[in-house]
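Q: Please take me through one part of this structure up close, and keep it plain. I'd like to know how to read the labels first, then get into the packing.

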Amino acid sequence: MTPNLHLWLIPLLPLIGAAINGFFGRRSSRPAITTVALVFSGAAFATALWVASQFSSLTPPYHPEILASWIRSGTFRVDFSFYLDQLSLVMLLIVTGVGFLIHIYSVGYMWEDAGFYRFFAYLNLFMFFMLTLVLASNYLLMFIGWEGVGLASYLLIGFWFPKASAASAGKKAFIVNRIGDFGFLIALFLIIKHFGSLDFMQVFGSVAPFVRAGNEGVLTAIGILLMVGACGKSAQIPLYIWLPDAMEGPTPVSALIHAATMVTAGVYMVSRSHVIFEHAPIALTVVAIIGTLTALFAATIGVTQTDIKKVLAYSTVSQLGYMFLGCGVGAFSAGIFHLMTHAFFKGLLFLAAGSVIHAVGGEQDMGQMGGLRTKIPWTFWTMTMGTIAIAGIPPFAGFFSKDEILWQASRVSLVYWGIGIFTAFLTSLYMFRLWFLTFFGEYRGTAERSDGHDAHGGHGDSSHTEHGHGGIHESPKVMLVPLVILAILSIVGGWVGINNRFEKFLSPVFRPGMTAASLEETAAPKTSEMEDSRDHSTEMAFTIISVAASLLGFALAWFLYYRNPQMPQQVAASLGAFYTTVVHKYYVDEIYAAVFVKPLIDGSTQVLWHGVDQNVIDATLDGSADGALEASDVARHMQSGNIRSYAAWVAAGAAVVIGYMIWMGTR
Amino acid sequence: MVPLPYYLILSGILFACGVTGFLIKRNIITIFISIELMLNGVNLSFVAFAAQWGKLSGQVFVFFVMVVAAAEAAVGLAIIIAVYRTRETLNVDQVNLLKL
Amino acid sequence: MISVHLVLFLIFGAVCVAGAINLLAQSHPINSALSLVVVMGALAVEYLLLGAEFVAAVQVIVYAGAIMVLFVFVIMLLNAGTEERTKGGSYVAMIVGIPGMLAGSALVAWVLLTHSGTKSVVAGALPGSPAQVAPLLFHEFLLPFEVTSILVLVAIMGAVVLASHPNSDPKKEKT
């Protein structure tokens, strides 16, 4: 008997907070808005913790909690129902926990902003949708959350909408997401058609007989289309282009939505649908290939970017690629593990970057930074923790999750492993590059003025409003405390993965029907001792290679950006056109603009606007009006007032009638 | 022994002359006279058919036509007099205020 | 075979047509009115040829004797002059008027001559003396008879009102 955990409370609390702040926030004081926002998101977190504490008392199989019925159409049923198992529990804790920390951070970051209440309303709204997404027990409710987080993302990216680039970035994010959603919808339609239901339990239970009946092609199509949706939401090739532009939004938004939670919705969805993917190996391979290529592609771009947030954005795309690689080789729990650690260290990195930007008065170009480590020590140390974590150096969090993915990938194909190792090297390289450029060397910017002038004259295109005191200063405590907490999590967060504890925790989801002991065997399905130890030693070797790759990246960054700061210029110059291509992000945006956007806009303008709207619809109306005018202009000449003319017409008409009657009479 | 069509043709000619006069004449009184000519042509046709079918009702109808023609001529001429008083002209082309 | 009936018909028919064409050709209304009297006279003879004595008499007495006199009085009263060609003519009337009517009547004539299957009319075949018309008039057609009398009454009143001088309106007289 499953006790009722009132799961519906968890999404509802942030929704109430969003409503209060949205409707009443405009005239409320900042402390009031803060209280509302933090109370409701904190309450959601507290409820999630309570649910987690109750979780161990539940026995599988877990039943969904049905809140209300929604669609009843013949045998097709969709309800508002929430479902809790280990996977959604993990996601729940990440979303509410990291979300709550970012709420606290945002209080400090957005304090000066005029749209303070709006920000928290949107942020709480986002939490509501994201929690709906992770707690949903059917695809349709998940899709509501899916669309809703897209909406919240659009609202928050374009938060400073008077700035044209921010408004465009919001639009771009929403439209590209929509393209992915189209694939998702087609997949849902196929699922409805072939399985008759969207409920997770029902669909997943019917997959195996479905495949045995010979319908693997349909299942592959469903899997690939679901992956298309995930590519849109989680910024994979070819739909990743919106994520770097999304950096136009405030940094807490980048941290929460575009690092920790929303972009991971795709990974969650693929993991939740693991039954489908496991029975459609081709789709699974597609997932892995896309993930690998994206990881490599984005990492190469990240090495060349100069905007601190753009580097982190491409890093997010790359790390998401890792998660998809993990899912794509069947190691779904490894993908979720990396999702969790990534939420910690990437959230930390973004928040710390926000702190840096705040300190230097709005400047985001790393070329204008440098030598900040003595001026903002707390930010420096927390960011260092995050950087080491993402580089995958033990015993920090990133090492465990990334290593698990690489190990599982190597067991499927060494190509995945090789590309993954190289990408890990690049990851370490660009992160430590960022670290050195920002915190070491001489300060190259203009924010440091001791005459008390307003510090942001002439540089920094972010609309982050700045207080009037000059000089580089540390962020307030309200921003530092979340940084510290996330830094601690970045250190210890990976330790749940030791001895495969995390994988075993998630095993009831991904390998139902197996006990923990048999899981050990499937994890290493070798029967003989010797092969077992060889397998173990191979794993050891791979681990050492991956750590070595990370350290190599650190060394190269140290060499290029600390020891010989002039060298990067020379290297870039020697690479010439290739370097230019990478700096311009392989011109992907330009290619898309030329191939897709421009024809669409031209087509709309020429065909739909000029052709159809103006020349057909307007012309028909105008033409009928003009025609009526002209016809009446001709006809009015009959009303000449001349009696003889009238009489003549009457006589002519009568003659016609008489003639007709005579003709009829003679027939 | 005159074939009936001869009477009808004569009636038709008279009627056609009446219509033609009605259309091409500009003096309103002449137009009225043309109307009377039309009515006469029709009367002839009625009487011819009465003789043909052997029914006297045709002749009775002619009588009624004449009565109506009288009434109509009286009222019409009164209207002409009234119009002449205000418009000072008998030319029907100049009584054209009802135009667009 | 040519009979007296046919000859008389043709003579007086020619008179009718000549009178009608003269009506069209004259420019002074008095000439047109007098032409119409000629037409009416010739038509009365035609009626006699058809045996309609009563109708012929009424034609001469009422039509030619009263209605045409009324016309002549009005022409005299209004001092109508010859027609003048003025602006604002109607092209349609010109087109329908002469050519249209010629064509129409020719067509009708042709149709009648080629398609009629009626027998000839014998002179005096249907005697229409007053004694024979009267029963019809006062029995079968009594209602139309009475109604036309009312019509005449209304016409008289209307004509008086319409033609009366505006200054002689009793309501406007102030003494």
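A: Labels first: a helix here is a DSSP run of H or I at least four residues long, a strand is a run of E of at least two, and both are numbered from the N terminus. As a warm-up on this predicted model, try chain B, which reads β-α-α-α along its sequence. That's 1 strand and 3 helices.

Now for the close-up, over in chain A. Two packed helices are described by the angle between their axes and the distance between the axes. Our pair is α15(A), residues 332-359, and α19(A), residues 477-492. Their axes come within 9 Å and cross at roughly 150 degrees. Angles over 145 degrees count as roughly antiparallel, so that label fits α15(A) and α19(A). The crossing also has a hand: α15(A) passes α19(A) in a left-handed way.

So who actually touches whom? From α15(A), the residues in the contact are F344(A), F345(A), G347(A), L348(A), L351(A), A352(A) and S355(A). Facing them from α19(A) you'll find M479(A), P482(A), L483(A), L486(A), A487(A), L489(A) and S490(A). Sort the residues of this contact by type and you get 11 nonpolar and 3 polar, with no charged ones. If you want to trace this on the model, try starting at F344(A) in α15(A) and M479(A) in α19(A), both among the residues of the contact.

Key: Residues numbered from 1 in each chain as written. Chains lettered and ligands numbered in written order. Predicted model: local features only at pLDDT ≥ 70, side-chain atom pairs only at ≥ 80, totals over all residues. Axes fitted to C-alpha atoms, helices over the stretch in contact; angles between N-to-C directions. Parallel < 35°, antiparallel > 145°, perpendicular 65-115°, else oblique. Left-handed = near helix turned anticlockwise from the far one by under 90°. Contact = placed C-beta atoms within 7 Å. Nonpolar A, V, L, I, M, F, W, Y, C, P; charged D, E, K, R; others polar.
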